[in-house]
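I opened my notebook to write down what I looked up, one spot at a time. The entries are short, and they follow the order in which I went through things.

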Amino acid sequence: MTWMMITVMILLLIAGFPMMMPLLAATLLAFFIFMQDLNIQLVAQQMIGGVKPAALIAIPMFILAADIITRGHSADRLVDLVMRFVGHIRGGMAVSVTAACALFGAVCGSTQATVVAVGGAMRPRMLKAGYNDSFAMGLIINAADLAYLIPPSIGMIIYGVISGTSISELFIAGLGPGLLIIVLFSVYCIYYAKKHNIPVEPRATWKERFVALRRALWPLGFPAIIVGGIYGGVFSPTEAAAICVLYALILEGLVFRSIKFRDVIDIALSTGAITSVVFILIAAGAAFSWVLSFAQIPQQIIASIGLEGAGPIMTLVAINIAFFVGCMFVDSIVVILILVPIFAPLVKAAGLDPVLVGVLITLQVAIGAATPPFGCNIFTAVAVFRRPFMDVIRGVPPFLVILLVATVLLVMFPQISLLLRDIAFR
């Protein structure tokens, strides 16, 4: 049954069907062949049940907020702020890209929006400063991964709903790994700039820094709302998402005046199209996961690959490899929907903290977004920068190695992720 479902999915993917069709086809085929005694309405019930959790409302809200600020002035102000403070050091512009991606990720939670907003502003400046184009694009599409780790994170929301893990705990647990990656990327950027003798930018005066800080105060309100509001007990992650939309509309529409009413309509339609795809995938994945659980396929897979009774470290290694490889070829949401239920019994048996597992899974999903052959950040960069696929991915390997090093450090030292969670919730 397992191989039949996998074969059907692979054949339909090769034939060019959108991902929701292979999921549903494999689910229905398994149902009609092996579960004919059950009512077909169960499949529809599972699909509806998959999109019923209230926490999922946060996804379209964060997507809408990201669309609004991507078309506005927030990204430019955040980039300018970072440049004023670190642009004068050797490799400062590359460090600024990393920090700007982190800040913008804390505003929108979308890796692709971060590539568009930060990359569009910083890539021309990096080329003018003497950076190689492949290095610049590799840095941008990999630093954009920080948007998946630093709250808000759509990947963490989906994982939290599927696994029953607290989304608030996942959000705060992503901060430690995010800061670790910022440090590792910055060290490499400084090394690269020294090796290639990249010129140093003029040091900004404190007056210029103060002006940049004042201009960025409004965009910096986003992470303050999300982090401060959630962990101050003011509102839930779902409510924070709705507040972010209102804040984005006020900021870009009334304060900056960067969007007009007709722009809001176009943005809403774009968000609706993206959200419909995400929710159809979630619904199809819920039905698929139900069939897997009903047929006890996760237990069969775990036993067949020799992971039954595996210890915590071995389990974490297996999870990281599975999600890393999966996200290289398939959409990250689909990988989360399929693999989380498969590994759930193994995680429970090994006594692992589901928050740590969720952060590691989110990190692998983020890495997959910038990893050939099908990383979504890569294709976003191809479209935005208008460069060939091979040129875009040429600068990826060093950053991929850094991200894998970060993964190893998280497995070896879980407190990198769990310390802030324990302080806030324990």
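**Entry 1: a patch on the surface**

I started on the outside, where Ile-313, Met-314, Val-317, Ile-321, Val-325 and Phe-329 make a nonpolar surface patch of about 540 Å². A note to self before going on: this is a predicted model.

I picked Val-317 out of that patch and looked up where it sits, which is helix α18, residues 312–329. Val-317 has a relative accessible area of 35%, so I wrote it down as partly exposed.

**Entry 2: another valine**

Next I went to Val-116, which I found in helix α7, residues 111–129. Is Val-116 buried or partly exposed? Its relative accessible area is 32%, so it goes down as partly exposed. Buried would have needed a value under 20%.

I then listed what Val-116 touches, skipping residues up to four places away in sequence: Thr-70, Thr-380 and Val-384. I also checked Val-116 against Val-51, which is 65 residues apart from it along the chain. The C-alpha atoms of those two are separated by 29 Å.

**Entry 3: the core**

Time to go inside. How many residues does the largest nonpolar core have? I got 144, and the ones with the most contacts inside this core are Tyr-131 and Leu-139. Helix α19, residues 332–350, gives the core its largest share, 13 residues. I jotted down some background here: in soluble globular proteins, nonpolar side chains tend to be buried together.

I followed up on Leu-139. Not counting residues up to four places away in sequence, Leu-139 touches Ala-94, Val-97, Thr-98, Met-126, Phe-185, Cys-189 and Phe-399.

**Entry 4: a serine in a loop**

Ser-153 caught my eye next, in the loop between α9 (146–149) and α10 (154–163). Ser-153 has a relative accessible area of 0%, so it counts as buried.

What does the side chain of Ser-153 reach at 2.6 Å? I found the backbone oxygen of Tyr-148 there. The Ser-153 side chain also reaches the backbone nitrogen of Met-156, at 3.2 Å. For contacts, leaving out residues up to four places away in sequence, I noted that Ser-153 touches Ala-147, Tyr-148, Phe-171 and Thr-362.

**Entry 5: an asparagine in a helix**

Asn-377 is in helix α21, residues 376–385. Its relative accessible area is 0%, so Asn-377 is buried.

Which side chain does Asn-377 join in a polar contact of 2.9 Å? I traced that contact to the side chain of Thr-111. Thr-111 turned up again when I listed the contacts of Asn-377, with neighbours within four places in sequence left aside. Others in that list include Gln-112, Val-115, Ile-141, Ala-144, Asp-145, Ala-369 and Ala-370.

**Entry 6: salt bridges around Arg-421**

I wrote a reminder first: side chains of opposite charge can pair when their charged atoms come close. The count of salt bridges here comes to nine.

One of my stops was Arg-421, which forms a salt bridge with Glu-169, with the closest N and O atoms 3.3 Å apart. Arg-421 lies in helix α24 (residues 415–425) and Glu-169 in helix α11 (residues 167–173), so this pair ties together parts that are 252 residues apart in sequence. Arg-421 is buried, at a relative accessible area of 3%, and Glu-169 counts as buried too, at 13%.

Arg-421 also meets Asp-353 in a salt bridge, 2.7 Å from N to O. Asp-353 sits in the loop between α19 and α20 (354–369) while Arg-421 is in helix α24, so that pair ties together parts 68 residues apart in sequence. I marked Asp-353 as partly exposed, because its relative accessible area is 22%.

**Entry 7: a charged network**

My last stop was the pair Asp-391 and Arg-387, whose side chains meet in a salt bridge of 2.9 Å, N to O. Asp-391 is buried, with a relative accessible area of 15%. Arg-387 is partly exposed, with a value of 32%.

Which residues are linked with this pair in a network of salt bridges? I wrote down Arg-123, Asp-133 and Arg-394, linked with Arg-387 and Asp-391.

Key
Residues numbered from 1 in each chain as written. Predicted model: local features only at pLDDT ≥ 70, side-chain atom pairs only at ≥ 80, totals over all residues. Heavy atoms only, no water. Patch = residues over 30% accessible without salt bridge, like charges linked within 9 Å, V, L, I, M, F, W, Y side chains within 5 Å. Areas by Shrake-Rupley, 256 points an atom, 1.4 Å probe, with all protein chains shown as cover. Salt bridge = Lys/Arg side-chain N within 4 Å of Asp/Glu carboxyl O. Helix = DSSP H or I, 4+ residues; strand = E, 2+ residues; numbered from the N terminus. Buried < 20%, exposed > 50% of the residue type's maximum accessible area, 1.4 Å probe, protein only. Contact = heavy atoms within 4.5 Å. Core = buried A, V, L, I, M, F, W, Y, C linked by side-chain atoms within 4.5 Å. Polar contact = N/O pair within 3.5 Å; in protein donor to acceptor, adjacent residues only side chain to side chain.
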